[in-house]
Amino acid sequence: MRVLRFEPPPALALTGPEEFVVGAWWPPEVGVELRLSGCEHLDCLQGPNWALVASPHPTQERSLIHARHDAAVAFRGYVTTPPLHGWSPGDEVLAHWLDSPPVVPDGVFATIRIADEGKRLELITDVLGMGSMYVRRDGALVLFASSPRYLRMPQDEADLLCWRKQ
């Protein structure tokens with residue numbers, strides 16, 4: 001059994017509010033134990049083979065992540081038809097992305113859709129890719145986040161060549 005731990009970076013507390021989504025998904029037959037820590041003030045949802053973590057709404061009334069019995073959605077950004085924003089009520093977000101998903105939605109967004117009782121993962125972004133969602137695979141495990149810093153693992157080493165100034 002593989003153990004996966006998520007701890008928000010310490011910089012989050014120092015930089016103030018940040019709108020973000022982080023998640024993990026793995027095939028149901030793969031054994032993963034997920035441990036979420038440091039999430040007391042974050043929105044967290046978890047299923048048998050997936051987890052979603054998001055920044056909370058400033059008033060704690062809405063969330064960027066939503067779930068119902070067989071599916072979950074993380075939605076950050078907006079679509080224009082029908083008008084829907086990441087902070088829209090959860091029932092509207094779930095209905096839009098699960099019940100009648102648009103073929104080519106207009107807007108600037110990144111959406112994660114977990115469907116078919118967790119068996120299917122879909123990462124959907126706007127046509128131009130302006131709504132960012134970064135993905136990292138580690139074997140059968142798929143990690144995704146709205147910022148690449150949330151995908152860093154302890155064994156990672158800095159690529160100093162990428163850091164050089166042009």
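Which strands are included in what covers the buried residues of helix 2? I opened my notebook with this puzzle, keeping in mind that the model is predicted.

**Entry 1: helix 2**

I began with the helix itself, residues 90-99. Its buried residues are Val 93, Leu 94, His 96, Trp 97 and Leu 98. I then looked up how they are placed around the axis: they cover an arc of only 165 degrees, so they sit on the same side of helix 2. A rule from class helped me here: an α-helix has 3.6 residues a turn, so residues three or four places apart point the same way.

Next I looked for the cover. It includes strand 6 (65-68), strand 7 (71-79) and strand 8 (84-85). Strand 9 (107-115) and strand 10 (120-125) also belong to it.

**Entry 2: Thr 111**

I picked one residue from strand 9, Thr 111. Is it buried or exposed? Thr 111 counts as buried because its relative accessibility is 0%, and the cut-off for buried is under 20%. I listed its contacts, leaving aside neighbours within four places in sequence. They are Val 73, Ala 74, Phe 75, Trp 97, Glu 122, Leu 123 and Ile 124. I was pleased to meet Trp 97 again, since it is one of the buried residues of helix 2.

**Entry 3: an open sheet**

I traced five strands that form an open sheet, and wrote down their order as 4-5-2-12-11, with antiparallel pairing. Which strands stand at the edges? They are strand 4 (43-47) and strand 11 (134-138). Each has a single partner strand, so one side of each is left without a neighbour in the sheet. From one strand to the next, the twist averages 10 degrees.

I also checked one pair inside this order. Strand 2 (residues 21-25) runs antiparallel to strand 12 (residues 141-145), and four bridges join them. Trp 25 has Val 142 as its bridge partner in strand 12.

**Entry 4: the cores**

I turned to the largest nonpolar core and found 18 residues in it. Leu 4, Val 22, Val 53 and Leu 143 have the most contacts inside it. Strand 1 (2-6), strand 2, strand 3 (32-36), strand 5 (50-54) and strand 12 each supply at least two residues. Strand 12 gives the most, with three.

For Val 53, I set aside residues up to four places away in sequence and looked up what it touches. Among them are Phe 6, Phe 20, Val 22, Leu 36 and Ile 65.

Another core, of 17 residues, lies apart from this one. Its members include Trp 25, Trp 50, Ala 54 and Ala 74.

Methods. Residues are numbered from 1 along each chain as its sequence is written. This is a predicted model: local features need pLDDT of at least 70, side-chain atom pairs count only at pLDDT 80 or more; totals for chains, interfaces and linings use all residues. Side-chain values use heavy atoms; hydrogens and water are left out. Buried means under 20% relative accessible area, exposed over 50%, partly exposed in between (1.4 Å probe, protein chains only). The arc is that of the directions from the helix axis to the C-beta atoms. Contact means heavy atoms within 4.5 Å. Two strands pair if DSSP finds at least two bridges between them. Axes are lines fitted to C-alpha atoms, for helices over the stretch in contact, and angles run from 0 to 180 degrees between N-to-C directions. A nonpolar core is a set of buried Ala, Val, Leu, Ile, Met, Phe, Trp, Tyr and Cys residues joined through side-chain atoms within 4.5 Å.
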